[in-house]
Amino acid sequence: MTELVKMKRSKAPTTRRAEIQQLYQCYSAGMTSLPSSALLKFLHKEQMELTADEDTAESLIDRYEIEETARENRSMTFEGFLRYMESKVCCVFNQAHTSVYQDMDQPLTSYFISSSHNTYLTGDQLIGKSHLDAYVWALRKGCRCLEIDTWDGPDMEPIVYHGYTLTTKILFKDVITTVAQHAFEVSPYPVILSLENHCSQQQQEVMAQYLVSILGDMLLTAPLDHLAGGELPSPNDLKCKILIKNKKKKPRIKTEQATEESADEGEEDYDDLEDEEDDEDHQTKTKFWSPRKAGPKKEEKKVVIAEALSDLVIYTRSVKFIGFSHSRDHQSYFENTSMAEKKARKLASGSGLNFVQHNQRFLTRIYPAGSRMSSSNYNPQEFWNVGSQLVALNFQSLGLPMDLNDGRFQDNGGCGYVLKPAVLLPSDRSFDPICSRHRLKPTHLLLKVISGSNLPVSRSNKGLDPFVRVEIHGIPSDSRKKNTQTVKNNSLSPHWDSDMNFIISVPELCLIRFCVRDQTGLLSSEFVGQYTLPFTSMMKGYRWVPLRSRDGCSLDPASLFIFVWYS
């Protein structure tokens with residue numbers, strides 16, 4: 001047990017300043033300042049920074065101590081210690097992970113890639129507005145896969161909107177111009193434009209012209225020369241490049257038999273648009289707009305891919321998913337599949353091992369069910385668990401799924417690419433997330449939620465009765481949540497001093513979510529603030545947790561004070 005935990009048994013401080021002062025007094029041993037040797041002992045014993053040495057302690061004194069006499073004596077006053085404890089160095093999120101630190105030379109299939117669904121929408125999928133700002137918002141959040149639903153527009157100008165609905169329309173050329181302006185504003189790594197293409201061949205040619213003329217050198221138009229065949233290029237290979245994800249013309253087989261069989265050009269030379277289950281706009285039309293009349297089913301007109309657009313599809317050719325064995329035998333490394341959440345969930349629960357192995361070879365995009373007309377989201381964790389790279393969410397919809405997405409992708413410098421853990425990479429061929437036992441020795445996590453500070457109050461300015469819910473999101477057997485007790489009428493400095501123990505079998509897949517809620521009734525509570533981070537980015541020791549609002553913005557100075565230990 002640590003010194004502060006021991007002392008709290010007798011008396012609980014009412015402010016974080018008092019809590020930090022108790023820690024300071026434990027190590028200063030009655031002296032007026034904390035010697036560098038005592039500070040080093042604190043770093044080793046409490047913060048579990050075992051690589052820290054005398055130079056580390058002295059650098060902290062140089063950075064946070066402003067009292068000249070203490071600096072000369074290589075010691076730290078309480079005020080200097082307080083500045084250190086409330087600095088980013090003591091944030092629960094590992095500050096080394098605020099920059100790109102992972103291996104960026106693996107194939108694209110080895111990464112989780114931040115992905116947006118119906119990126120153009122700012123609201124629901126029936127009457128919501130389409131807006132260019134939605135693309136700017138997604139890109140500034142580090143999104144690397146944007147969706148563009150294209151339809152024939154007037155005057156040979158392709159338009160973007162959610163088909164068969166009353167959502168507003170924007171011009172395709174304006175979307176591409178916006179992407180060109182903001183694609184690499186926060187990340188240099190490749191952007192994938194996922195086209196759901198409903199346009200005629202003529203307007204597809206217009207689309208291709210805009211892509212080439214507006215994106216210029218940013219657009220990938222040919223395979224990279226230096227790569228060996230058989231696997232996709234890496235994020236580093238594709239820095240500052242934009243890839244087109246779309247159907248592609250099949251190569252013509254030049255034989256007499258093939259020539260005869262290809263009389264029907266649409267069947268032989270072209271992939272159809274996604275099948276009914278995978279065509280998102282078709283789901284919308286079928287569910288909400290189709291007249292319920294008996295009679296023969298009217299066959300949908302097939303989209304024939306224009307050669308100019310087809311030529312721009314290099315490493316991200318969209319094909320229909322038939323089954324894992326079919327993909328294993330017939331799918332090429334540069335081909336990817338898309339599937340709705342219901343189909344993906346069924347495969348993940350019934351064939352988890354096969355799904356993981358499929359995602360070791362190919363890109364897979366998951367998107368929300370067409371029935372989510374309010375643009376709500378599914379929980380992305382269940383598809384990260386099987387290694388799906390492009391788990392697409394409605395970025396405009398706030399709540400738990402986007403909190404998890406923000407938490408996942410703040411890792412690795414917020415660049416939009418996070419290397420999948422080893423259990424999901426080709427070196428491991430036996431991982432099934434549904435199996436409850438994965439390690440002989442699971443990880444034991446202790447979280448002590450000590451206190452809060454400056455929690456935001458409601459607009460009605462009524463008192464806050466806060467409690468903290470800690471959630472573990474990972475494979476099914478690891479996912480759970482625990483609550484502290486409720487503190488009555490205290491938003492300034494609530495004190496919980498609550499121990500929580502978790503046993504985790506696959507911590508490298510887990511996200512930890514701290515959610516502060518206001519107890520409004522016996523069984524009811526309201527959101528106050530939250531913070532989500534990967535387990536692998538969580539620092540040990542006494543740390544503060546910065547809280548964020550429902551839309552992901554900082555609630556500074558609102559925060560939690562916690563103690564973290566795991567082994």
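1. A good place to start is the second largest cavity: helix α18 supplies the largest share of its lining, three residues. Bear in mind as you read that this is a predicted model. The volume of this second largest cavity is about 60 Å³, and a search over the whole structure turns up four cavities of 30 Å³ or more.

2. Who else lines that space? The residues around the second largest cavity are Trp 137, Lys 141, Phe 395, Leu 398, Gly 399, Met 402, Asp 403, Asp 406, Arg 550, Asp 551 and Gly 552. Sorted by class, this lining holds four nonpolar, two polar and five charged residues.

3. Two of the lining residues, Lys 141 and Asp 406, deserve a second look. Their side chains meet in a salt bridge, with N to O at 3.2 Å. The pair ties together distant parts of the chain, 265 residues apart: Asp 406 sits in helix α18 (residues 400–409), while Lys 141 is in the loop between α7 (132–140) and β5 (145–151). Is Lys 141 buried, exposed or partly exposed? Its relative accessible area is 24%, so Lys 141 counts as partly exposed.

4. Asp 406 turns up again at the second largest pocket, where Asp 406, Phe 409, Gln 410, Gly 414 and Arg 548 lie nearest the centre among 22 lining residues. Helix α18 and strand β21 (541–548) are the elements that give two or more residues to this lining. The volume of the pocket is about 550 Å³, and its lining divides into eight nonpolar, nine polar and five charged residues.

5. On salt bridges overall, the count comes to 18. One of them joins the side chains of Arg 372 and Glu 341, at 2.5 Å from N to O. Here too the pair links distant parts of the chain, 31 residues apart, with Arg 372 in the loop between β12 (364–367) and α17 (381–384) and Glu 341 in helix α15 (residues 341–350). Both Arg 372 and Glu 341 are buried.

6. Another salt bridge runs from Asp 497 to Lys 448, whose closest N and O atoms are 3.0 Å apart. This one connects two strands, with Asp 497 in β18 (residues 495–504) and Lys 448 in β15 (residues 443–453), 49 residues apart. How do the two ends compare in exposure? Asp 497 has 23% relative accessibility and therefore counts as partly exposed, whereas Lys 448, at 2%, counts as buried. Elsewhere, salt bridges with shared partners join Glu 341, Arg 345, Arg 372 and Glu 382 into one network.

7. Thr 165 is worth a visit too. This residue lies in the loop between β6 (159–160) and β7 (170–171), and its relative accessibility is 9%, so Thr 165 counts as buried. What does its side chain reach? The Thr 165 side chain comes to 2.5 Å from the backbone oxygen of His 162, and it also makes a polar contact with the side chain of Thr 167 at 2.9 Å.

8. Last, helix α2 (residues 16–28). Its 13 residues reach 18 Å from the first C-alpha to the last, close to the 18 Å expected at 1.5 Å a residue. The buried residues of α2 are Arg 16, Glu 19, Ile 20, Gln 22, Leu 23, Tyr 24, Tyr 27 and Ser 28. An α-helix has 3.6 residues a turn, so residues three or four places apart point the same way. Just after α2, Ala 29 takes a positive phi of about 50 degrees.

Definitions and conventions:
Residues numbered from 1 in each chain as written. Predicted model: local features only at pLDDT ≥ 70, side-chain atom pairs only at ≥ 80, totals over all residues. Heavy atoms only, no water. Helix = DSSP H or I, 4+ residues; strand = E, 2+ residues; numbered from the N terminus. Expected span 1.5 Å × (residues − 1). Buried < 20%, exposed > 50% of the residue type's maximum accessible area, 1.4 Å probe, protein only. Salt bridge = Lys/Arg side-chain N within 4 Å of Asp/Glu carboxyl O. 1 Å grid on protein atoms, 1.4 Å probe; cavity = no way out; pocket = protein on both sides within 12 Å on 5 of 7 lines; lining within 4 Å. Points joined across faces, edges and corners; volume = space filled by probe spheres on them. Nonpolar A, V, L, I, M, F, W, Y, C, P; charged D, E, K, R; others polar. Polar contact = N/O pair within 3.5 Å; in protein donor to acceptor, adjacent residues only side chain to side chain.
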